[in-house]
Amino acid sequence: MIVVVPGHRLESARIHDQLRARVDAGIRAFEDLDASQLVFSGGRANPSVDRTECGVMGDYAVREGVDPDRIVLDPFAYDTIGNAYFTRVLADDVGLDAGSIRITTDDFHADRTVYAFEHCFGPGVPVEATHTVATDVDVDAPVCRRKLAQTRRFFDGIAPGDAAAIRRRLHEEHDCYEFPELETARTAAR
């Protein structure tokens, strides 16, 4: 089992309160559930900050006493779908113990995050939001419903667990991600 903490846009090179709350909850989940690894997912989404979200989270977790050998950093994700996809890539590439995934995020972000992870990992991997951070945001607010609907639309027509299809869709339809090898294949097919 792994615990995954998705990032949150940085405003400076220091951890901010919302991100700190997610990491603190992730550390509690990691310890309570005796997970094998604690994954921090988040790239450099704010170009004016010269740090990745995962790097800031990882540094904070080490200062809080987490064994750095049990921390895995994903610097490639720029949003919730990227958090799920690149955690899947890490699981495949470095052999994370992703037989079960526990997500730690804000309460209003949990449904969308679980949905994305379920689709990236497929039906054989149970995904659950645990140790969520309570906020003042209404989880049924229009913005939360809209973002969940956008995430669902992104995965429409892709079989859960089909990482290659997700990669292609990220390349073709998402503003944040480009995979040069897919562009080469598309150009060669013309």
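Q: Exposed means over 50% relative accessible area, and buried means under 20%. Is Asp50 buried or exposed?

A: This is a predicted model, so read each value as computed from predicted atoms. Asp50 has a relative accessible area of 65%, so Asp50 is exposed. Values between the two cut-offs count as partly exposed. Arg44, at 38% relative accessibility, is therefore partly exposed.

Q: What do the side chains of Arg44 and Asp50 form?

A: A salt bridge. The test is a side-chain nitrogen of Lys or Arg within 4 Å of a carboxyl oxygen of Asp or Glu. For Arg44 and Asp50 the N to O distance is 4.0 Å.

Q: How many salt bridges are there by this rule?

A: The count comes to 9. Arg9 and Glu11 make one of them, with N to O at 3.9 Å. Arg9 is partly exposed at 41% relative accessible area. Glu11 is exposed at 60%.

Q: How should I read a salt bridge inside a helix?

A: Start with the geometry. An α-helix has 3.6 residues a turn, so residues three or four places apart point the same way. Now the case here. Arg169 and Glu173 both sit in helix H6 (residues 163–173), 4 residues apart, which means about one helical turn separates them. Their side chains meet in a salt bridge, with N to O at 3.7 Å. Arg169 counts as buried, at 17% relative accessibility. Glu173 is exposed, with 54% relative accessible area.

Q: How many residues of helix H2 are buried?

A: Helix H2 spans residues 53–63, and 8 of its 11 residues are buried. They are Glu53, Cys54, Gly55, Val56, Met57, Gly58, Tyr60 and Ala61.

Q: What covers the buried residues of H2?

A: The cover includes strands S1 (2–6), S2 (37–41) and S3 (71–74). Helix H1 (17–32) also contributes. After H2 comes Gly65, with a positive phi near 100°.

Q: Glu53 is on that buried list. Which side chain of opposite charge is nearest to Glu53, and how far away is it?

A: Arg9, at 6.7 Å. Glu53 is buried and has no salt bridge. A salt bridge needs the atoms within 4 Å, so this pair does not qualify. There is a polar neighbor, though. A polar atom of the Glu53 side chain lies 3.4 Å from the backbone nitrogen of His8.

Q: Which residues does Glu53 touch?

A: Leave out residues up to four places away in sequence. What remains is Gly7, His8, Arg9, Leu10, Ser41, Gly42, Gly43 and Ala45. Ser41 belongs to S2, where Ser41 is itself buried.

Q: How do I read the two faces of a strand?

A: In a regular strand the side chains alternate between the two faces of the sheet. Check each face in turn. In S2, one side carries Gln37, Val39 and Ser41, and the other carries Leu38 and Phe40. All of these are buried, so both faces are covered. That is 5 of the 5 residues of S2, so the rest of the structure largely encloses this strand.

Q: How many bridges join S1 to S2, and do the strands run parallel or antiparallel?

A: There are 5 bridges, and the strands run parallel. For one position, look at Val3, which stands opposite Leu38 in S2.

Q: What should I make of a positive phi?

A: Most residues other than glycine have a negative phi, and most peptide bonds are trans. Two cases here are worth a look. Asp34 is not a glycine, yet its phi is positive, about 50°. Asp34 lies in the loop between H1 and S2. At 63% relative accessibility, Asp34 is exposed. His131 also has a positive phi, near 55°. His131 sits in the loop between strand S5 (127–129) and helix H5 (142–155). His131 is partly exposed, at 26% relative accessible area.

Q: How many disulfides does the rule give?

A: The count is 0. A disulfide needs two cysteine sulfur atoms within 2.5 Å. The sulfur of Cys120 is 15 Å from its closest cysteine sulfur, that of Cys176, so the distance is too great for a bond. Cys176 is likewise in no disulfide, and its nearest cysteine sulfur is that of Cys120.

Q: Is Cys120 buried or exposed?

A: Buried, with a relative accessible area of 0%. Cys176 is partly exposed, at 41%.

Methods. Residues numbered from 1 in each chain as written. Predicted model: local features only at pLDDT ≥ 70, side-chain atom pairs only at ≥ 80, totals over all residues. Heavy atoms only, no water. Buried < 20%, exposed > 50% of the residue type's maximum accessible area, 1.4 Å probe, protein only. Helix = DSSP H or I, 4+ residues; strand = E, 2+ residues; numbered from the N terminus. Contact = heavy atoms within 4.5 Å. Lys, Arg positive; Asp, Glu negative; His and termini not counted. Polar contact = N/O pair within 3.5 Å; in protein donor to acceptor, adjacent residues only side chain to side chain. Pairing = 2+ DSSP bridges.
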